[in-house]
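Ready for a few exercises on strands, crossovers and charged side chains? Each one starts with a task and goes on to a worked solution, so try the task first and then compare.

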Amino acid sequence: MSVSLEMGAKQPFKVRMVARRNRLFAHPRFQYWCARIPGLKRIAKARAGAMFDLVVGFSYYQVLRAVVDAELLPVLRDGPLTAAEIAPRIDLSEAATLTLLRAARSVMLSEEVLPDQWMLGEQGAVLVDDLGTQAMVRHHRLLYADGADPLALLKADRKEPTQLSNYWSYAGALHGTAERGEDTHEYSELMATSQNFVANEVLASFKFPRTGRQLDVGGGHGAFIRRVGAAYPDLQFGLFDLPQVVESGARAAAETLGAVRVTAHPGNFFEDAIPEGYDLVSLVRILHDHDDEPAQQLLDNIRKSLAPGARLMIAEPMARVPGAEPMGEAFFGFYLWAMGSGRPRSAEEITTMLKRAGFARIRPVATAQPVIASIIVASA
């Protein structure tokens, strides 16, 4: 027996099975027959389509961004229209317009209902009035710019500034310490959008107390507590964030919920004590923005502030969630790397950190759309 076989026999069973599977999948004759044998043909076709999506995914985003930047979707809502009628409304030549319409058709943003008669496609109908998602599409231009050479981005090891790190530092959102710039409209729109997405998912999955007090840590724009407060009219709220953002966020929340229901707590959650006296503390898309040491420090600080029986709710996209793996580790893995802070964590990793901070009775809460957020609740 060869040395390599002897070494392989000593490997754990799962390692040997994965190695055998990989050798089989890589064999050209196996691929040939899988594409032709009934039963396997459908699986092989789906796998080939998934591989193609990996190879050309950048093009899909470029089509989506062009559709959004050209403001094509509102035009298509007036359809059916010909390419010649659409072209002057999006400031493109007729040939370029037809190219965009056909590309958009392939991803269901547009639909050719009759020859040269164009209307919104299924995905286009979903997106046309979703200005928040359109803002996220535009924002992702920064990630694509930073990832133009992904290996160089990784080799820089977060020691070089990127467009995303500059953006978030300018917006005053990185590490909770940077000074906020004057023109942060895009930041505010993105935060409100992302928090609304998460709020919808959390409200559909987690049962808030009907009375009591909730503190939102790091949610200074107030979008999350506005949504929760509308659904739970007897809850009282606190906002804890940097002084330059929390006052305006609390003011906006007070306009919606009433001033007696909202309290602003200015401070830095790494340096200052977390306000006490709250029954529930929420961390919404905050923990994964920070590296392990500051993230653990934040959890430690929150635990110190909680009375026995009070709870912490963490809601954010997490790594290794079945059905949402690419969002957790592919998208957010590279996004947070380029941002220069944080990383996606699995529920198991977060649970370990919560136990280290002294939390008990830690449990996950299932959500319908884990690509948007997963939830973990821990009791003091």
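**Exercise 1: a shared aspartate**

Asp 292 and Arg 343 form a salt bridge in which the closest N and O atoms are 3.1 Å apart. Keep in mind that the model is a predicted one.

*Task.* Find where the two partners lie in the chain, and work out which residues are linked with them in a network of salt bridges.

*Solution.*

1. Begin with the location: Asp 292 is in helix 16, while Arg 343 is in the loop between helix 17 (325-339) and helix 18 (347-357). The two are 51 residues apart, so this pair links distant parts of the chain.2. Check the accessibility of each: Asp 292 is partly exposed at a relative accessible area of 37%, and Arg 343 is partly exposed at 29%.
3. Look for another partner of Asp 292. The side chain of Arg 345 meets Asp 292 in a salt bridge as well, at 2.8 Å from N to O. Arg 345 sits in the loop between helix 17 and helix 18, 53 residues from Asp 292.
4. Compare the burial: Arg 345 is buried, with a relative accessible area of 0%.
5. Put the network together: salt bridges link Asp 292, Arg 343, Arg 345 and Glu 349.

**Exercise 2: a buried glutamate**

*Task.* Glu 316 is buried. Which side chain of opposite charge is nearest to Glu 316, and how far away is it?

*Solution.*

1. Place the residue: Glu 316 belongs to strand 7 (residues 311-316).
2. Search for the opposite charge: the nearest such side chain is Arg 345, 5.2 Å away. A salt bridge requires the nitrogen to be within 4 Å of the carboxyl oxygen, and Glu 316 has no salt bridge.
3. Turn to the backbone: a polar atom of the Glu 316 side chain lies 3.1 Å from the backbone nitrogen of His 288.
4. Add the surroundings. Leaving aside neighbours within four places in sequence, the contacts of Glu 316 include Arg 285, Ile 286, Leu 287, Ile 350 and Ser 374.

**Exercise 3: a pair across the sequence**

*Task.* Arg 158 and Asp 291 meet through their side chains in a salt bridge. Why does this pair tie together parts that are 133 residues apart in sequence?

*Solution.*

1. Take the distance: N to O, it is 3.1 Å.
2. Locate both ends. Arg 158 lies in the loop between helix 11 (150-155) and helix 12 (163-171), and Asp 291 in the loop between strand 6 (280-284) and helix 16 (292-305), so the salt bridge ties together parts that are 133 residues apart in sequence.
3. Check exposure: Arg 158 counts as partly exposed at 27% relative accessibility, and Asp 291 is partly exposed at 31%.
4. For context, the model has ten salt bridges in its count.

**Exercise 4: following strand 4**

*Task.* Is strand 4 mostly covered or uncovered, and which way do strand 3 and strand 4 run?

*Solution.*

1. Count the burial: six of the seven residues of strand 4 (residues 235-241) are buried, and the strand is mostly covered.
2. Inspect one side: strand 3 (residues 212-217) and strand 4 run parallel and are joined by six bridges. Gln 214 stands opposite Phe 237 in strand 4.
3. Trace the connection: from strand 3 the chain passes through helix 14 (residues 223-231) to strand 4, in a right-handed β-α-β crossover.
4. Go on to strand 5 (residues 262-266), which pairs with strand 4 in the parallel sense over five bridges. Here Phe 240 has His 265 as its bridge partner in strand 5.
5. Trace this link too: the chain crosses from strand 4 through helix 15 (residues 243-257) to strand 5, and the β-α-β crossover is right-handed.

Conventions
Residues numbered from 1 in each chain as written. Predicted model: local features only at pLDDT ≥ 70, side-chain atom pairs only at ≥ 80, totals over all residues. Heavy atoms only, no water. Buried < 20%, exposed > 50% of the residue type's maximum accessible area, 1.4 Å probe, protein only. Helix = DSSP H or I, 4+ residues; strand = E, 2+ residues; numbered from the N terminus. Pairing = 2+ DSSP bridges. Right-handed = clockwise from strand over helix to strand, strands pointing away. Lys, Arg positive; Asp, Glu negative; His and termini not counted. Polar contact = N/O pair within 3.5 Å; in protein donor to acceptor, adjacent residues only side chain to side chain. Contact = heavy atoms within 4.5 Å.
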